[in-house]
Amino acid sequence: MRSKREWRRRGETKFLVIPSAARNLLLCFANDERPTTNDDFMTDFSIIGKSIAMVDAAGKTTGSGKYTDDLSVPGMLIGKILHSPYPHARIKRIDTSRAEKLDGVVTVVVGSDAPNPYGILPVGHDEYALALDKVRYVGDNVACVAAVDEFTAERALELIDVEYELLPAYFDPEDSMKAETNLIHDNKPNNIEKDYHHVFGDPEKGFAEADRIAEARFIANEVTHAAMEPHSTLAAFEIDPQTGNPGRLIVQSSTQVPYYLQHKLSLVLEMQMSQIRVIKPLVGGGFGGKSEVIPLEIIAAIAARKAKAPVKITYTREEVFWAHRGRPRTIVDLKTGVKNDGSITAVKARVVQDGGAYCSYGVVTILYSGALLGALYDIPNIQYDGYRVLTNKPVCGAMRGHGTVNVRFAFETQLDELAAAIGMDPAEIRQHNLLKPPCVTVNGLRVQSYGLPECIEKVVERSGWRQRKGKMPRGRGLGVACSHYVSGAANSIIRSDMPHSTVNIKIDRDGGVVVYTGASDIGQGSDTMVAQITAETLGCTIARVRVIAADTDLTPIDIGSYSSRVTFMNGNATLRAAQDVKKQIATAAARKMNCEPGDLIFRSDVVSKKNGLQGPRGDGRPRPSGQAEPGSASPSVSGHVEGQILRGSLQQKRKDEGPKEQLSFEEAVVAAIDFHGALSGTGSYAPPLDARGGKHKGAGVGPSPAYSYSAQVAEVSVDEETGEVTVHKVWASHDCGRALNPVSVEGQIIGSVWMGMGQALTEEMVWKDGMLMNPGLLEYRSPSSVESPEVEAIIVESIDPEGPFGAKECSEGSLAATIPAISNAIYDAVGVRLHECPFTPERVLAALRAKNNAKRINLTEGVDPTSPARFREHGGSLWYRGKGPERHPLDPSRTETPAAVAGDD
Amino acid sequence: MSLPDFKLLRPRSLDEALDNLAKHAKSSARLRIVAGGTDLIPSMRQKLFEPEYVLDLRHISELSGIRERKGSGVEIGALTSLTAIEHSDVLRRRYSVLTEAAATVASPVLRNMGTIGGNICLDTRCLWYNQSLTWRKGCGFCIKKDGDLCHVAPGGTKCWAAFSGDTPAALLCLNAEVEIVSPRGKRRIALHEFYTGLGDDHRKLQPDELLTRVFLRETAADYRGVYRKLRVRGSIDYPLAGVAVVIKRSNGHVADARVAITAVNPAPLVVKGATEALNGKAVDDAVADAVGVLAAKTAKPLTTSALTPEYRREMIRVFTKRAVLAAAGN
């Protein structure tokens, strides 16, 4: 491993590391031929750092915007999917003939219609669009009917005859790991998808040096994204004009990853990628649930191919829960050692994730859980044993805060316990263990910008921590916790040295700036981010900028909206594309203005000369946007006629006049087109080599060009008779590098806190023998507006040396801090430590009763939330003495529990 | 999920509705009645009901509205929206436990649609029952619909789906009566006689009968009333436990009182012995707690919802105690 010093030196050759004060003095247009990331640092932006409305806000708020399910094309059929009623079974026979004969049914597709396996990870191609020989969870995909309407398609599903051979099923990951026969996937012994065993530093020595060691099991129950828009896909084949046969495939889908969808469609349908066009319409939230290829996206395409007609499938909410890809329920066996001065000496974590029936992002999730033990605090010794386990349940995948959230809950809670044990303030112990960047962590993560110290200071100050902590009325308390997240994975899913993002910009003689970006706006505002960076760089108004995004025919590749990578990576690509065009405009404009390109300032639709050079009013200062220079002749010079620039008249004018002191943006554009013949630019981004991590097995996951940092203080009250927890306020600070659009950043912080609060208090997928008991938004309880606390979002700007304008991620990192901030506040309020989330009232009450030695009542189905040994199953019985669903004799549902015998009274 | 095929009947008057019932309502499987639709429509999508006819009452204006009858109480049309109940001055002034309970139902949007009649007739609920057809196939169905096993009490033969309306607990405290009309005539019964206590057949209502009016007597007016509802979220959720308490005081002592609970049994129930435990007493913690214990004994929550049965039973105790203290003005 290279020394820290060497990493730092290598870094400096690639980019400028500038102290922030000095950086602020830099003027906007560095005289540098090479487009670098940070040549535009200045304090006075016109569009960056301003809270502007999202560029797609009008369509969303008026209802005119189109989401996938709003789309309709002539001849379109509706697809409905038949799901497995069994958790684990071999398919012996499928007979679709009765369904096919139903009036209005056009086709029925089954697994053999598209037998190629796929999966988001190259190591995890274990899914089929429709089950080929086996179903692996209740809700697995068996067949699809395409019919003239939903009603007919649903009726046809009842007419499909499937003969199953039942197999024993595995629902609990620790039981599943013991399996030797009837494996969920034949090539995965013990039903273990993947396990990793990492040792960094010398953990044994670290624990030996510790004065206090805490060791406990934590359980985080399963949660899902619950995006407002259910998944929807419309697939249609174009008719090949030469042959009359179905030609290119056009797929419009609610996806975060159009490029991966194009890739997987190509694999499964055996078509060239160039013959597939994927378009992402408006998306109503993803949170990771649309960050891989979801079965309906491929099923719609194979149904359209067989039906020879467009097919649209929109999931019901229940199907969204089955498609899932949410956060796995997780066991964290955690051991942490500290010295009496608060220094963390070692951490040892054993993590078991219940991944469900297929790989999905599982290998990445289990790696993130270990890797991001590092890069928040300075931890010299880490041991990590991670197990991603297969069970006969819906598939877990990536969800906001991917892999980090449950481990962070455990770690931040345990750190709080250790602080209490050594008599140290919980905020102070965190401040005591800060990294000293720039540095490389013990597990190979390069950390440059690090706003965590300021994040902690801010929430401590704003919450009145020092004055109020420990002095609140009974039942009320404060808790603090921190978290962090990547600004994009430094290594792409399909490893290559190709760029992760490319952006093209075209400017034509109308003066309109069209940006072609593959970035997928899923509601997080990436279209707006792209428009802002373009407009700021080119010095034009945002109204000039049109963003064409996420259409594989039109836009260059961006690998998708996941791992919080878009602002950093697509933003950098956009910046470089804009700088490319700007350079071309500057070359031409400088000729007209008799100066060097480097002497020009582009701002507010005007190209002028830098301060000190002869310019308008001699000061070269740009005018505020939208204000024309008094007496300026620019409109007449650029020759507006019905929105067009009459090139001829402009050329005539130019001949009549001498060198100009300033040009309007349109004049400058026309000059550039005159000079270059065409005006377009391109930019791309790949993370630097030195940010791509260490050499150990699994080192590829965790490294990022930059990390975001969060600190939160939660104020809660606990009703000691009911166990109900009320969150009154959360102070949430987030280091996002630079807030390109502060209102958008605040929205992301508030959303993260809110979603974290859901996992902390109310959201939980409830299981009984592989049946999801609450597959709907009535019984899966995301918080409503009533219990949403005030969130004071505090933006911390550490100005990352590589981020576009210094920006880093802001959408995911805050979530993980909320859960432990609340658990720590509960401890402060009533003195109980919950090791199982969510902290539902029954769990809190059980902990309180145990603490007060109250009479024991079984509030939590036998699982002690302060010391949980296993996952809890929902009560009652799925199967009882021959009654209930068919299940294999060895199925866990057929073990009778004493509680199951309740009778009529 | 699509709605099953059905014929929609839209009578404009009660007489027309009774004609429709006489003609089409031979069994409850053939005809379902819809008012606000907030309960029936999702259940129809889940194929819990696949009726041949749906009788839509919404255009029968005579069944809507709150009328004060001087000296003889208040009459509420079954189609009166829960929002109208929530905002009614007379109810708030004289029967406050009802407005309080109505204000906790679901969310504002659902209260705009949902009716008092619908809330009284609400189908019983269970996690093993309120699921899609596909889901229910996976669980092998249940005793309430298409199956032979009660998953929450598998040793028995009864259905334990929980009655989950909020307002009936308040109405029981108010000794409310309901008017039931059919082509065969009209009857008026006490609300507590309306429920059977069976999860799968919870109302004493024949297929051709309509619940048309709710009556609140003058003698039930002017009690101090409190409704407390256990739910995970402050909005949207059905009650996981609910308790209504009314108390009339005289000289610092309870002159009369009633307590009723909901969402923890297949029917909303008056807590027996609560009146006796409170009458004549000056309410203190011990008295309130004793009533709470009585209520908890009346409750039989099972695993019909997400929170555990023992927790819900304990909350009936705590919420009853608190409601009694609040209603007694302590």
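**Entry 1: the contact between the chains**

I began where the two chains meet: 54 residues of chain B and 57 residues of chain A take part in the contact, with contact meaning heavy atoms within 4.5 Å. Before going on, I noted that this is a predicted model, where local features need pLDDT of at least 70 and side-chain atom pairs count only at pLDDT 80 or more, while totals for chains, interfaces and linings use all residues. Residues are numbered from 1 along each chain as its sequence is written, chains are lettered from A and ligands numbered from 1 in the order in which they are written, and side-chain values use heavy atoms, leaving out hydrogens and water.

Next I looked up the area buried between chain B and chain A, which is about 4,500 Å², with 57% of it from carbon and sulfur atoms. Buried area here is the accessible area (1.4 Å probe) that two parts lose on being put together, summed over both. On the chain B side, Trp135(B), Arg233(B) and Tyr311(B) lose the most area to chain A, together 14% of what that side buries.

How many salt bridges are there between chain B and chain A? I found seven, taking a salt bridge as a side-chain nitrogen of Lys or Arg within 4 Å of a carboxyl oxygen of Asp or Glu. A nice pair to display is Arg849(A) with Glu314(B), whose side chains form a salt bridge at 3.4 Å, N to O.

**Entry 2: chain A as a whole**

I counted 23 helices and 33 strands in chain A; these are DSSP runs, helices being H or I of at least four residues and strands E of at least two, numbered from the N terminus. Chain A has 905 residues, and 65% of them count as buried, that is, under 20% relative accessible area (exposed is over 50%, partly exposed in between; 1.4 Å probe, protein chains only). Among the chain A contacts with a separation of 6 or more, 78% join residues 24 or more positions apart.

**Entry 3: the cores**

I then turned to the largest nonpolar core, which has 119 residues; Leu452(A), Val716(A), Ile822(A), Ile826(A) and Phe839(A) touch the most other members. Such a core is a set of buried Ala, Val, Leu, Ile, Met, Phe, Trp, Tyr and Cys residues joined through side-chain atoms within 4.5 Å. Why does this core lie between domain 2 and domain 3 of chain A? Both domains give residues to it, so it lies between them.

I picked Ile826(A) for a closer look: leaving out residues up to four places away in sequence, Ile826(A) touches Val716(A), Val718(A), Val725(A), Gly831(A), Val832(A), Leu834(A) and Phe839(A). Apart from this core lies another, of 51 residues, including Ile48(A), Ala531(A), Cys540(A) and Leu663(A).

**Entry 4: domain pairs**

For chain A, the assignment gives domain 1 (32-65 + 498-685), domain 2 (68-167 + 230-283 + 290-323), domain 3 (189-224 + 325-492 + 691-843) and domain 4 (877-905); the bounds come from an automatic or database domain assignment. The centres of domain 2 and domain 4 of chain A, taken over C-alpha atoms, are 35 Å apart. Five residues of domain 2 of chain A are in contact with four residues of domain 4 of chain A, and the two bury about 420 Å² between them. Tyr86(A), Pro87(A) and Leu166(A) supply 77% of the area that domain 2 of chain A buries there, more than any other three residues. I found zero salt bridges across this interface.

In chain B, I looked at domain 1 (1-56) and domain 2 (65-121 + 162-327). The area buried between domain 1 and domain 2 of chain B is about 1,100 Å², and carbon and sulfur atoms give 73% of it. The salt bridge count between domain 1 and domain 2 of chain B is zero.
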